[in-house]
Every structure is written in structure tokens, then in C-alpha cells.
Amino acid sequence: MSALANLRNPANAFTALVLLVFATGPFVMPLLGEPFYVIVFARIMVWAIAAVSLNLIMGYGGMISFGHAVYLGLGGYAVGILAFHGVTSGWAQLAVAVGASAAVALVFGAISLRTRGVYFIMITLALAQMIYFLGVSAEQYGSDDGLNILSRSDFGPAFYDLNDQATLYYTVFAVLLASVVVSGRLVGSRFGAVLRAAKSNDTRVQAVGVATYRYRLTAFVIAGVMCGIAGFLQANLESFVSPDMMSWPRSGELIFMVVLGGMSTLFGPVTGAFVFLMVSDTLSEWTIHWHIIFGPLLVLVVLFARGGIAGLLNRKSANG
Amino acid sequence: MDHVLLIEQFLNGFQLGIILFLMAAGLTLVFGIMDLVNLAHGSLFMIGAFVGGTLALLTGSFILGVILMIPAMLVIGIVIEMTALRTLYARDHLDQVLATFGLILFFNEATRLIWGPEGLVVPLPAFLDGSVEIGLGITYPVYRIVIIAVGLAVALGLYILVGRTRIGMLIRAGASNRTMAGALGVNIPKLFSIVFGIGAVLAGLAGLIITPITQAQIGMGEDVLILAFVVIVIGGIGSIRGAFIAAIVTGVIDTMGRSFLDVLLLLFLPANAAESAGPALSSMLIYILMAAILFFRPQGLFPPKGAQ
Amino acid sequence: MAGLEARSLIKAFGGLTATDNLSLEVAPGELHAVIGPNGAGKTTLVNLLSGLLKPDAGAITFAGRDITRLSAPARVKAGLARSFQITSIFRDFTALENVMLPVQTRHGHSFRFWTPVSRDTRLTAPARELLERVGLGDRADVRAGDLAYGEQRQLEIAISLATGPSFLLLDEPMAGMGPEESQGLVEFLRALKGRYTMLLVEHDMDAVFALADRITVLVYGRVIATGTPDEIRNDPEVRAAYLGEEEAA
């Protein structure tokens with residue numbers, strides 16, 4: 001959090017504002033007569049966690065995964081499928097979410113990381129589609145209609161009950177903060193140094209004695225697990241999980257959030273998720289044809305605001 | 001096993017492969033020559049279906065619709081290339097992925113606005129409807145045979161175009177060294193527009209000819225697109241020959257897998273397991289194939305020889 | 001210090017044989033120069049020795065060990081370091097961070113996820129010291145991409161030294177340098193003699209004859225002569241193929 005210390009930096013100020021909104025939401029929004037926004041914020045925070053995990057491999061590692069939403073699904077179905085079979089223990093569900101995400105990320109990463117550039121993007125996309133179709137064909141678990149989850153994850157103690165909205169909300173908030181801290185530590189560590197160097201000049205990293213593949217793979221697995229945890233939270237929030245949550249447009253949206261906020265900045269994914277989802281929520285209220293505005297808007301962002309929000313705000317502070 | 005079903009499904013797979021080839025050929029040309037990752041290629045598939053379908057309904061003739069679709073898609077493709085895509089050539093692949101992703105959203109919504117959410121039904125003319133005996137006691141739909149024939153004709157046409165004509169030579173020159181070709185006087189922007197236009201026509205053709213079977217629907221391009229990407233990754237980016245082989249193989253394996261995998265699984269698994277694993281595995285089959293091929297040849301079967 | 005031996009190396013790219021039955025031997029402690037006209041396959045040789053490329057045939061021995069099938073990172077661990085002819089640094093890192101990474105690799109694996117490297121004196125101290133040694137001490141916190149060309153070449157060498165090697169493969173370290181800078185680098189390399197075994201690929205003949213204990217001449221991927229600087233200077237075949245061209249030019 002010391003990264004935010006300099007609040008005169010506009011990007012930092014904006015981030016602090018967003019975090020403040022999240023922190024105070026459950027108190028302030030009902031007072032403003034808009035209690036629904038509390039759920040909206042919780043949703044955004046879940047996406048933000050997923051975006052933070054993607055930023056780890058994409059922003060800092062240079063691995064553009066177009067299949068990252070699949071881990072949201074894995075985490076979500078861990079909750080859904082276990083609950084379906086009567087296992088409501090949060091510990092069991094979380095363990096499965098983490099285990100499944102790690103296993104899938106390991107296999108998918110091992111395959112995809114043998115390729116670079118566009119091949120990598122396409123392969124991550126295709127592999128994620130595989131899991132998507134697996135979900136669609138799983139008739140027992142609702143296939144594309146999805147699966148309703150009748151009870152939230154039960155972690156045991158009476159004082160920690162995810163059925164209580166506030167408890168769930170602040171759990172998500174805590175996980176979000178934790179994910180940012182973990183991400184920051186990873187990036188600044190020896191591991192992160194290898195990852196960032198490999199993004200910049202992979203040949204040179206190998207020429208100083210580091211076999212970069214295993215580091216990339218590890219990062220890929222860590223990001224998958226982090227996203228799986230986000231999926232776990234999402235399933236609890238929505239009491240629902242469906243294959244749509246791991247479809248490739250979701251992965252595309254995740255990439256957008258990361259780019260929008262500012263790739264390879266610590267809080268970029270958080271502000272990116274916030275802006276992306278607030279804009280799309282607002283636009284979708286105006287018209288059901290909101291994609292016709294949103295699509296070109298995305299194109300314009302890519303063309304003219306490549307450094308994302310952080311880039312835009314920092315440029316303003318440098319000039320003004 | 002019933003040889004009739006086997007052959008039928010093989011032909012169905014071949015036909016799917018043809019559709020995939022039409023998509024993949026355009027995609028691989030655009031990527032191989034212009035180094036442009038275009039996710040909105042699927043939208044061209046959809047636009048061809050809707051625009052061509054509408055032309056067919058307006059003129060009352062499916063054949064006329066197909067013929068008119070060609071110049072229509074050429075124009076549409078070139079317009080899209082000149083307005084939206086030109087700025088992307090200089091950008092990195094991530095930017096291209098994101099920008100064209102935004103375009104997909106736009107095109108899907110625009111289609112919904114113009115034609116409504118229900119999609120479009122394009123009926124077949126009577127003489128193309130119906131089945132014919134193709135020997136070995138098998139009757140097969142005439143139209144699917146037509147699709148295969150059209151696809152093979154296009155494949156041959158592309159082969160001649162790229163390999164034997166002046167424009168093909170320019171395309172190959174642009175592919176292997178864009179800067180040099182430009183320095184030698186080749187009008188690169190015009191070449192790119194033409195290549196993109198060709199890709200658009202191919203995609204539109206694929207979309208239109210599949211419409212009598214599947215109907216024109218919003219978002220129809222996206223699923224085909226992903227398979228097309230799998231095809232060009234397997235086949236090797238920039239290689240039309242690779243796209244053809246990979247497309248046919250993909251189509252056949254996917255179709256026959258869906259039909260026969262559960263039967264095959266029954267050899268190893270109890271009936272219950274085979275029944276539930278079958279559909280799940282068969283939809284994953286083609287991706288497993290892709291993963292396997294990439295494991296041994298990360299650049300695909302016919303990798304590009306030397307970069308720009 | 002360790003010796004390096006290449007035996008009958010062959011490397012072909014399509015129709016082009018870049019390395020044609022090349023045999024070469026660098027004695028421990030020696031500074032062995034490799035010279036030859038453009039297209040002689042000098043960089044290919046360095047790539048083969050460093051592990052970036054694998055030979056089609058032949059063997060490479062380092063410190064008595066067969067390293068022919070060893071990966072590039074593994075060769076670095078064994079004590080072999082290389083520098084690149086075309087500067088290959090981490091442009092977005094500071095000079096200090098550029099050197100910290102290879103220092104890091106000396107400590108074994110980098111699966112350490114928590115401690116920030118910026119505060120790790122086991123990395124920053126040796127890195128600063130090394131930057132001082134190559135003359136970049138006061139430029140440590142400058143972004144590598146913003147350094148002057150000559151400074152980047154110095155950084156290039158620092159990165160190679162930072163892995164703590166016993167053998168240096170230097171691929172045209174003086175590429176693009178002016179006479180003053182080159183002179184400085186010659187002195188620097190001279191000071192390294194005795195501490196490292198070196199294979200120096202260079203075009204700069206003054207530097208080569210000032211530093212080399214032995215010289216190998218490469219033409220079209222083949223060795224046409226190996227010997228002391230005097231022997232090479234007077235070798236008629238070498239003069240015809242290479243030095244003669246230089247004198248005429």
C-alpha cells in the first residue's frame with residue numbers, strides 16, 4: 001500500500017478513490033438510496049481480483065492469455081458441483097477450486113508456453129474453449145443454463161457466515177487487497193525480476209543462466225489459482241455458475257480491464273475493472289444495444305489510450 | 001459398424017472442413033501477409049450470411065444471392081479495412097486482438113439492429129434440396145455435395161491465384177518482405193486492401209453457403225472463428241496448403257468424433273460413463289489434437305519459412 | 001579457469017553451411033581471438049558455443065565436460081558467459097537492475113517470491129561494484145535504454161561478467177565504438193586476462209593484435225589458420241583472404 005502514498009499523483013489518487021468507494025460502499029450506498037450498488041461493487045471487486053491475476057502474467061510477464069476466464073469458471077464450478085452433491089464445506093470447495101485451477105493451469109501452461117506471440121494467444125483461447133464446451137456438455141450440472149447454488153460456502157464458525165451480505169462483501173474486499181499485496185510482492189521479488197526480464201528480453205535471460213520456461217509456467221499457475229479463488233467468490237456472490245462465465249468474450253473483457261487500467265501497474269487492473277464495468281453497466285441501462293457504442297469505445301481506447309487510465313492520468317500530471 | 005453412417009459422417013466432416021478452410025484461408029492470408037490478428041473475421045462470416053441471405057431473398061434466387069454477395073463482401077471488406085483496420089497494422093498483436101474484439105461487439109449489435117434478434121432463414125432452391133445416390137447404397141444431400149465442390153473449386157482457384165498469377169506473386173512478395181516489396185514499387189496499402197477483400201469474400205461465402213443448413217444468426221461467426229484459428233495454428237500461419245489440410249482433418253475428426261466417440265468409448269468404459277463422457281470428450285477432441293500437434297511442432301505443420 | 005574445445009562443428013541453415021567442420025581450441029587462461037570477413041560465421045560460432053544454437057554435427061567440450069547437448073542456461077551455470085554483438089540488455093530496467101539479475105542467478109534458483117530485490121544488498125552491492133569496474137558506477141540508476149551507445153556496450157559486458165563465469169565469449173564487444181572508447185575497452189579486457197579464459201570475436205585488428213595470445217581465422221565457416229599473432233600476420237593464405245583485403249582497403 002506504500003505505493004499509494006503519493007496521493008498527488010493523479011493515478012494514485014484515482015486508485016485511492018476507487019478503494020475508498022469499495023471500502024465504504026455497504027454503508028454509503030444504502031444511505032444514498034442505492035443499495036443495489038453494493039452488489040455491483042462486490043461483483044466489480046471479484047472481476048478486479050481476476051484482473052489482478054491476469055496482469056501478473058500479462059502485464060508483467062508478457063503472456064497474453066485469452067483464456068483466463070476459464071479459471072473463474074473452475075473456481076465457480078468447484079463451489080457449484082460440490083454443493084450440488086451436498087458438500088457445502090467452504091474449506092473443501094476452496095481446496096477443490098485451488099486444486100483444479102492449479103492443475104488446469106499447469107497443463108494448459110505447459111502446452112501454451114511452448115509457443116509465443118499470436119500462437120500463444122490463440123492456443124490459450126482454444127484450450128479455454130475446451131473447458132467451456134465441457135461445461136456446456138455437462139448436462140447433470142445444468143449445461144448452458146448454468147447451475148444454481150442453494151447455499152453459500154460454509155467455513156464453520158458461526159461468526160463467519162458468508163450468508164451475511166456484509167461478511168461476504170468484506171471477504172471479497174479483503175481478498176482483493178491481499179491479491180494486490182501478493183501481486184506486488186511477487187513482482188518485486190527475485191521471481192518477479194526473472195519474469196519481467198523475460199518479458200523484456202527472453203534470450204538475454206537465458207544467456208545469463210535462467211531457464212525461463214519454468215518461471216513463466218509457475219507464474220501462469222499462480223495467476224490461475226488467484227483467478228480460481230475469484231471464481232470461488234463469484235459463485236458465492238451470485239449463487240449461480242454457468243459456462244458463460246468462462247466463455248472467451250469474458251476472457252477478452254478481462255484483458256480489456258487490465259489494459260484499460262494500465263498494464264503492468266499494480267492497481268491498474270483494479271481501476272480498469274471498476275471503470276470497465278461501471279461504464280458497461282451504465283451504458284446497458286440506457287439501451288439494450290449498448291454494444292454498438294461500447295465496441296467502438298474499446299477500439300478508441302486501444303488506439304488512443306494505450307497506457308490505460310494510469311497512462312492518461314500520469315501524462316496529465318507530467319504536463320499540468 | 002454401419003458403413004453408410006461412417007461414410008456419411010466422413011462426408012459431413014469433409015464439408016465442415018471446407019467451411020473451415022474458407023475461413024482459415026482468409027485468416028491465414030491476412031495474418032501471414034499483413035501480420036494482422038483479426039478476431040472480427042468471424043463477423044465477416046456473419047455479414048456474408050446476412051447480406052447474402054438478404055440479397056437471395058430480395059432477388060428470389062439463392063444462386064443470384066451468392067453471386068451478388070461476392071462484390072458486396074469485397075466492397076464491405078475493403079471499407080472495413082480502410083476505415084477500421086489500417087491503423088492497426090503498425091500496432092502489436094495485443095492491440096489488434098483488443099481492437100478487433102471491440103469490432104465484434106459492434107458488428108453483432110449492428111446486425112441485431114438491422115435484422116432483429118431472430119436471425120435470418122434462407123431457404124434452398126428446390127433443385128438443390130433433396131438427396132442423391134452416390135453409390136455404395138448411400139444417399140447424401142445434394143447441397144452438401146455442392147458445398148464440397150464449391151470449396152474444392154475455391155481451393156484450386158486460390159492455389160492458381162497465389163501460385164501462378166501476378167497478383168499472387170505480389171502477395172507472396174509482400175508476405176516474405178513487406179518493406180522490400182514496397183521499396184520495389186509494390187503498392188502495399190492497395191495490396192493489403194485487396195488481400196483483405198479476398199479474405200472477406202471467402203468468409204462471406206462460407207457464411208452464406210452454410211446458412212441454408214444452419215440459418216443466419218447473430219454471433220454465428222465466433223465459434224467458427226475459434227475453430228479457424230485452431231486450423232491455422234495446426235496448419236502453420238501463412239500457409240494456404242496447411243490451412244486446407246488442417247481444415248479437412250479438423251472437420252473430419254470433429255464430426256466423426258462426435259458421432260463415433262461414444263461407440264469407441266464403449267470398448268473401454270461401462271455404458272453410463274461412455275454416454276456422459278462421449279459428448280464432453282468429443283467437443284474437446286479437436287483441441288486435444290491441436291495440443292498434441294503443437295507439443296511436437298509448435299509452429300504448426302507447415303510453418304512460415306523465415307519471417308519478415 | 002577452464003579450457004574450451006570445439007571439434008568438427010557443422011551447422012547449416014537450409015542451403016547455407018555457416019559452420020563447416022570447424023575445430024578450435026582455447027587453452028585455460030588464454031585470450032583467443034577469432035577473426036574473419038563478414039559472413040565467415042563468427043556469430044554462428046559464438047551461438048553454437050554458448051548454446052543458442054545446437055550443431056548438426058561435432059562436439060564441444062568445456063572444462064573437460066561434453067556440453068554439446070547442454071542448454072544455454074546450463075552452460076552459463078557451468079561457467080560460460082557470452083556478450084552479444086547487437087546489444088542485448090533489458091532496456092526498461094536500470095543499469096543496476098540489469099546487472100542484479102545475473103548476480104541473482106549466481107545464488108541458484110530464483111523461486112523466491114517475497115523479498116523485494118531492490119532492498120536486497122546481496123544483489124545490489126555486487127551489482128554496484130561491477131558497474132564501477134566497467135566504468136558505469138555513476139550511471140547505475142539510469143534506465144538502460146537511455147544510456148549512450150558506448151555505455152550500453154559496457155553494460156553488455158558487465159551483464160556477462162556478473163554471472164561469475166570462468167570463460168567469456170565476447171562477440172564483437174567493440175562494435176560501433178569510436179577509437180577512444182575502443183582503447184578503454186582494450187585496457188579493460190587486458191586487465192581481465194589471467195582471471196578469465198576468453199574467446200574474442202572482433203573486427204578491430206588493433207584490439208585483436210594487442211590482446212590475443214592466439215588467433216584463429218575463419219572464412220566461410222572454415223578455419224583457414226590458427227596461430228600466434230605473428231604467425232597469422234605473416235600467413236600468406238590469411239593475408240590473401242582477409243588481411244590483404246584490409247590493407248588494400
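The following exercises, with worked solutions, concern a predicted model.

**Exercise 1.** Determine how the radius of gyration of chain C stands against the globule rule.

*Solution.* Begin with the content of the chain: chain C holds nine helices and ten strands. Its radius of gyration is 18 Å, close to the 18 Å that the globule rule gives for 249 residues, so chain C is as compact as a globular protein of that length. Next, consider burial: 44% of the 249 residues are buried. Finally, take the contacts between residues at least 6 apart in sequence; 68% of these join residues at least 24 apart.

**Exercise 2.** Establish whether strand E7 of chain C is enclosed or open, and identify its neighbours.

*Solution.* First, count burial along residues 167–171: five of the five are buried, so E7(C) is largely enclosed by the rest of the structure. Second, separate the faces. In a regular strand the side chains alternate between the two faces of the sheet. On one side lie C:Phe167, C:Leu169 and C:Asp171, on the other C:Leu168 and C:Leu170, and all are buried. Third, locate the paired strands. E6(C), residues 80–83, runs parallel to E7(C) and is joined to it by four bridges; C:Arg82 has C:Leu169 as its bridge partner. E8(C), residues 197–201, is also parallel to E7(C), with five bridges, and C:Val201 there stands opposite C:Asp171. Fourth, trace the connection: from E7(C) the chain passes through helix H6 (residues 179–192) to E8(C), a right-handed β-α-β crossover.

**Exercise 3.** Describe the side of chain B that touches chain A.

*Solution.* The contact draws 32 residues from chain B and 34 residues from chain A. On the chain B side, H4(B) gives the most, with 16 residues. By class, that side has 24 nonpolar, five polar and three charged residues.

How values were computed:
Residues are numbered from 1 along each chain as its sequence is written. Chains are lettered from A and ligands numbered from 1 in the order in which they are written. This is a predicted model: local features need pLDDT of at least 70, side-chain atom pairs count only at pLDDT 80 or more; totals for chains, interfaces and linings use all residues. Helices (H or I, at least four residues) and strands (E, at least two) are DSSP runs, numbered from the N terminus. The radius of gyration is taken over C-alpha atoms; the globule rule is 2.2 Å times the number of residues to the power 0.38. A residue is buried if 20 or more other C-beta atoms lie within 10 Å of its own, exposed if 12 or fewer, and partly exposed in between; C-beta atoms are placed from the backbone. Two residues are in contact if their C-beta atoms, placed from the backbone, lie within 7 Å. Ala, Val, Leu, Ile, Met, Phe, Trp, Tyr, Cys and Pro count as nonpolar, Asp, Glu, Lys and Arg as charged, and the others, Gly among them, as polar. Two strands pair if DSSP finds at least two bridges between them. A crossover is right-handed if, with the strands pointing away from the viewer, the path from the first strand over the helix to the second runs clockwise.
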